[in-house]
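Me: Could you take a close look at one part of this model and show me how its helices fit together? I would like one connected explanation that I can follow with the sequence and the picture open beside me.

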Amino acid sequence: MKWIRALFARSTPVSSSMSEKGMLLYPSTGEVIRAESILRAAGIDIAVKGPPPNLRQGCDMVIEFPLVHELRISEILEAASLSPLRVVVVQDHLLEPVSLFHSKDFGDFLMVRAANMKITVDKHSHTIVNISGGGCPDVPYLAHMLVGKTLDQAPEPRSLGQTLCGYALQLAFQEVRRLCRG
Amino acid sequence: MSWLIVGTVPEKNVPLLWNTYTLQGEYLRIDNLQIPVNRGTPALLAAMFLAGQVLGLEPVQTVLAGDIGTGEGSRAIYDALASDTDHCPRGVTFHYLMPDIQGHNAVLWNLEKRSPVPLLVADAGFMYAAKMSGFATHYDLFTPDAGEMAFLADEKAPHPFYTRGFLLQEEERVPELIHAAYAQENAARHLLVKGATDSVVAHGSLVAHITQPSTPTMEPIGGTGDTLTGLVSALLASGTPMIQACHCAALANRYLGVLAKPTPATSVVELLPFLPQALEHALRTAPAYDVSAT
């Protein structure tokens, strides 16, 4: 009977565990933000996502990339002294960041929210007048650095931010800039 | 020791501080350091100080460190609280800290060795860590906004940045989100959900809706959630029962808006001079609750 069981065992379809995606792991979100900027500037198709549960520490994200580009990515990151801690093949569905925006018109002011972060600008001068929301410790720092500056003068939040709240603020910043420029 | 406020300051070079503090004009003064009250934990501390004067509180202690997002200051705070055996506060309010599950767990377990265990209030980054740790039910109060309520309701989201669904119209869906958060044990025993409608929740049941007075221009102002957390912490430190404290704090924060008449460009520092009057008015007008309901 063994040969019959062996026959069925062989005929069972082999599930493919091969993935076309890999992820770059860094010790901090700030490094992910910098690596993302460099890889995007190099024209590589990447996405920022949430790590799988077994790799979560609290305020994390990873860079998902096509494995076919692994060598090129490694070279680019090494040249920028931003080599990842680890490169892992994606085995499971990764969490998608929030991608919808909510805007609110206050007459002379426009507020845009991305995830848990809000940015408000004067519609005429394009001055950032308030930043609210969030819970990570770079939020008050980012607010201090951005409030009072125009959208053109202000540093991009991703150039200073180190956390997921900072990243969400970058998305809100880009959206409010798009809306203000019409 | 009455109450302990734990959070960070948005500056690089502020060392770990553990002491009482005062508010002088637009600055906090602690250990000969002057820290501007712009937003974040300094705004919470300023609100608590002013509310404490109205309520006759003894000086409140704070654990602070500088952190601009690198997590260094937060780690120093986690380490200090996880190893502390000297202090036994009546309550602790956790605020802007880098979410760190291991750090959170070490701090919580150390505090739970105290007898009695302090009242535990969590907001901002520490609330994110508390939810992700799986120990949310060990807390007495969370103070989320509607977006953070969606995060608590999403059992898979490790941070509001990854919250699935509920992305729009969260305000209308707050009762549904509250139900989901409690069903998955991702909520504290009480919630004060802040927004156009403030909701007070006890053990999963909605016990108060506060919609008036309404000042929509408070929403864009960074720090108005921090003043609310400062107000409720001060009321709890004064011995006010939980539901009463939540309702009164929500009302006081709303009166703050009425008195200050802000625009979306107003800063939280400009609101603070109105806080004592706002709290006094709320103390006179907040409804009384049956203490056994808390």
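Reply: A good place to begin is where helix 8 (residues 242–260) of chain B packs against helix 10 of chain B at an angle of about 130°, with 8 Å between their axes. Helices and strands here are DSSP runs numbered from the N terminus (H or I, at least four residues; E, at least two). Axes are lines fitted to C-alpha atoms, for helices over the stretch in contact, with angles from 0 to 180 degrees between N-to-C directions. Helix 8 of chain B is therefore oblique to helix 10 of chain B, a word for angles that are not under 35 degrees (roughly parallel), over 145 (roughly antiparallel) or 65 to 115 (roughly perpendicular). This is a predicted model, in which local features need pLDDT of at least 70 and side-chain atom pairs count only at 80 or more, while totals for chains, interfaces and linings use all residues. Residues are numbered from 1 along each chain as its sequence is written, and chains are lettered from A and ligands numbered from 1 in the order in which they are written.

Helix 8 of chain B passes helix 10 of chain B in a right-handed crossing (the near helix is turned clockwise from the far one by less than a right angle; anticlockwise would be left-handed). From helix 8 of chain B, the residues in contact are Cys248(B), Leu251(B), Ala252(B), Tyr255(B), Leu256(B) and Leu259(B), where contact means that C-beta atoms, placed from the backbone, lie within 7 Å. Helix 10 of chain B answers with residues including Leu275(B), Ala278(B), Leu279(B), Ala282(B) and Leu283(B). By class, this contact has 11 nonpolar, 3 polar and no charged residues (nonpolar: Ala, Val, Leu, Ile, Met, Phe, Trp, Tyr, Cys and Pro; charged: Asp, Glu, Lys and Arg; polar: the others, Gly among them).

Helix 10 (residues 275–285) of chain B also packs with helix 1 (residues 41–55) of chain B, at an angle of about 55° and with 9 Å between the axes. This angle makes helix 1 of chain B oblique to helix 10 of chain B, and helix 1 of chain B passes helix 10 of chain B in a right-handed crossing. On one side the contact is made by Ala47(B), Leu50(B), Ala51(B), Gln53(B) and Val54(B) of helix 1 of chain B, and on the other by Leu275(B), Pro276(B), Leu279(B) and Glu280(B) of helix 10 of chain B. By class, 7 nonpolar, 1 polar and 1 charged residues make up this contact.

Now follow chain B to helix 4 (124–133) and helix 5 (146–153). In helix 4 of chain B, 9 of the 10 residues are buried, so this helix is largely enclosed by the rest of the structure; a residue is buried if 20 or more other C-beta atoms lie within 10 Å of its own, exposed if 12 or fewer, and partly exposed in between, with C-beta atoms placed from the backbone. Among the buried residues of helix 4 of chain B are Phe126(B), Met127(B), Tyr128(B) and Lys131(B). They pack against strand 7 (91–94), helix 3 (101–111), strand 8 (119–122), strand 9 (141–142) and helix 5 of chain B. Just after helix 4 of chain B comes Gly134(B), which takes a positive phi of about 90°.

Helix 5 of chain B is also largely enclosed by the rest of the structure, because 8 of its 8 residues are buried. Glu148(B), Met149(B), Phe151(B) and Leu152(B) are among these buried residues, and what covers them includes helix 4, helix 6 (174–183) and strand 10 (190–193) of chain B.

Helix 3 of chain B, one of the elements packed against helix 4 of chain B, holds Val107(B). Val107(B) is buried, with 26 other C-beta atoms within 10 Å. Leaving aside neighbours within four places in sequence, Val107(B) is in contact with Tyr78(B), Leu81(B) and Ala82(B), and its C-alpha atom is 7.9 Å from that of Asp79(B), 28 residues apart along the chain.

Finally, look across to the other chain, where the contact takes 41 residues from chain B and 40 residues from chain A. Helix 2 (72–83), helix 4 and helix 5 of chain B each supply at least two residues of the side of chain B that touches chain A. Helix 4 of chain B gives the largest share of that side, 6 residues. By class, the side of chain B that touches chain A has 22 nonpolar, 14 polar and 5 charged residues.

Notes. Two residues are in contact if their C-beta atoms, placed from the backbone, lie within 7 Å.
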